[in-house]
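Reader: I'd like to go through a structure with you, feature by feature. Could you show me how you read each one?

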Amino acid sequence: MNGEMERTPGGAVLMDGGRLRDEIVAELRRTVDSAGSPHVCLATVLVGDDRPSQLYVRAKHRKAEEAGMASKGVELPPTASQAEVEDAVGALVADPSVHGILVQLPLPDHLDPEPVLGLLTPEKDVDGLTERNMGRLVRGLPGHAPCTPLGVTRLLKRYGVTVSGAETVIVGRSTLVGLPLALLLSRKGVDATVTIAHSRTPELADLCRRADILVGAAGAARMITAEHVKPGAAVIDVGVSRTEAGIVGDVDFDAVQAVAGAITPMPGGTGPMTIACLLENTLAAARMLGGFPAG
Ligand code: NAP
């Protein structure tokens, strides 16, 4: 790893997602400007008044603007019906001025996300969550990969973590994070050896301690402690738990940074990278839809 990188008090390289996001947004801006600033538009759909979701969506719009892209926000009340949400998404799918659509999850409990996501075309599904894009990921075909897992791979690359041949343990098996991340890291050419752990995994700490790369994607506050970490390992925190003390990750940062070789902060690690990858996918969507010159 590069010696100029910021380090934690314990000497681990700090994998700064905010910094890498800014680099990616600046690069996107250069690409958009040098193409003559064609209209590239990300649309978001937010249902309900969950404060963190509102903040996430706002950040996505702000960063889209910084990247030289337009954005459109559709907001529906917490009482919105399944049909109203589906109509709103359907209208964006039909709108040729919109290139990427992000439905902010989770939806309120009374709504079923599956038929909503099912309306998205693979090109406009910049969150990479539809069956078609998931299938493409499994098959190794081009398509939009889910943004959070993609962001993890970008962080590992940017901070010089060796992935090929690395024993990798991902704690969490959701279709949003753990499973697609396992697919991305184990695909040919990336070549990590991946184990997916979950709530039924016995002896979790022993398993995690084998990992050269350890990813917490469980949503269980500070569950990954120093005893889970092999000295020198790269530790990536995806989990977000809201506690009275504020946002807490899956990784007990203070203890783990003294053992790890590299670590993401929380906040400021995987969250900003999710946004950066969403904007990269939006530019790719505009290219797929013929709204942007081929790269
Ligand atoms: P999810 O659907 O609830 O899945 C959580 C996974 O973690 C499940 O597979 C679960 O096991 C496993 N798990 C939970 N507690 C565990 C424990 N104590 N030990 C071992 N495994 C455990 O959540 P998700 O959608 O994948 O999200 C995971 C976390 O990432 C959440 O905190 C979410 O807020 C956060 N997130 C962050 C970003 C970002 O940008 N940083 C983006 C998306 C999500 P079972 O399958 O056995 O139940």
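Author: We'll take helices, strands, the ligand and some backbone oddities in turn. Keep in mind that this is a predicted model.

Reader: Let's begin with a helix. What length does α2 reach, and what is expected?

Author: Compare the end-to-end span with the expected rise. Helix α2 covers residues 51–66, 16 residues in total, and reaches 23 Å between its first and last C-alpha, close to the 22 Å expected at 1.5 Å a residue. Just after α2, G68 adopts a positive phi of about 85°.

Reader: Which residues of α2 are buried, and what covers them?

Author: The buried ones are P52, S53, Q54, V57, A59, K60, H61, K63 and A64. Their cover includes two helices, α1 (17–34) and α10 (270–288), along with strands β2 (41–47), β3 (70–76), β4 (100–103) and β9 (241–243).

Reader: K60 is on that buried list. What does the side chain of K60 make a polar contact with?

Author: With the side chain of Q104, at 2.8 Å. Q104 sits in the loop between β4 and α4, and counts as buried because its relative accessibility is 7%, below the 20% cut-off. Leaving out residues up to four places away in sequence, Q104 touches V45, L46, S53, Y56, V57 and K60.

Reader: Now strands. How do I read side-chain directions in one?

Author: In a regular strand, side chains alternate between the two faces of the sheet. In β2, C41, A43, V45 and V47 point one way, while L42, T44 and L46 point the other, and all are buried. That fits with β2 being mostly covered, at seven buried residues out of seven.

Reader: How many bridges join β2 to β3?

Author: As a general idea, strands of a sheet pair through backbone hydrogen bonds, either parallel or antiparallel. Here β2 and β3 run parallel and are joined by seven bridges. For a landmark, find T44, which stands opposite G73 in β3.

Reader: What is the strand order in the open sheet of six strands?

Author: The order is β1-β11-β8-β7-β5-β6, with parallel pairing. At the edges are β1 (13–14) and β6 (193–197), each of which pairs on one side only. Further in, β5 (residues 167–171) pairs with β7 in the parallel sense over four bridges, and V171 stands opposite G216 in β7. Look for helix α7 (residues 178–186) too: α7 lies across β5, β6 and β7, at about 170° to β6.

Reader: Let's zoom in on I213. Is I213 buried or exposed?

Author: I213 belongs to strand β7 (residues 213–216), and is buried because its relative accessible area is 0%. Skipping residues up to four places away in sequence, I213 touches L156, V161, T162, V163, A166, E167, T168, V169 and A234. Take V163 from that set: 50 residues separate I213 and V163 along the chain, yet their C-alpha atoms are 7.9 Å apart.

Reader: On to the ligand. Which residues come nearest?

Author: Start with who is around, then check the polar atoms. There are 19 residues around the ligand, and R173, S174, S199, V240 and T274 come nearest. A polar side-chain atom of R173 lies 2.7 Å from a ligand oxygen atom. The side chain of T274 has an N or O atom 2.8 Å from an oxygen atom of the ligand. For T270, an N or O atom of the side chain is 3.0 Å from a ligand nitrogen atom.

Reader: Last topic: backbone oddities. What should I compare against?

Author: Most residues other than glycine have a negative phi, and most peptide bonds are trans. Against that, L105 and P106 are joined by a cis peptide bond, omega about 0°, and P106 is in the loop between β4 and α4 (113–118). Another cis bond runs from M266 to P267, with omega near 0°; P267 lies in the loop between β11 (262–263) and α10.

Reader: And which residues other than glycine have a positive phi?

Author: Among them are D191, at about 70°, and E203, near 50°. D191 is in the loop between α7 and β6, and counts as partly exposed because its relative accessible area is 33%. E203 lies in the loop between β6 and α8 (204–208), and is exposed, with a relative accessible area of 59%.

Key. Residues are numbered from 1 along each chain as its sequence is written. This is a predicted model: local features need pLDDT of at least 70, side-chain atom pairs count only at pLDDT 80 or more; totals for chains, interfaces and linings use all residues. Side-chain values use heavy atoms; hydrogens and water are left out. The expected span of a helix is 1.5 Å times one less than its number of residues. Buried means under 20% relative accessible area, exposed over 50%, partly exposed in between (1.4 Å probe, protein chains only). Contact means heavy atoms within 4.5 Å. Two strands pair if DSSP finds at least two bridges between them. Axes are lines fitted to C-alpha atoms, for helices over the stretch in contact, and angles run from 0 to 180 degrees between N-to-C directions. A residue is near a molecule or strand if one of its heavy atoms lies within 4 Å of it. A polar contact is a pair of N or O atoms within 3.5 Å; within protein, one must be able to donate a hydrogen and the other to accept it, and residues adjacent in sequence count only if both atoms are side-chain atoms.
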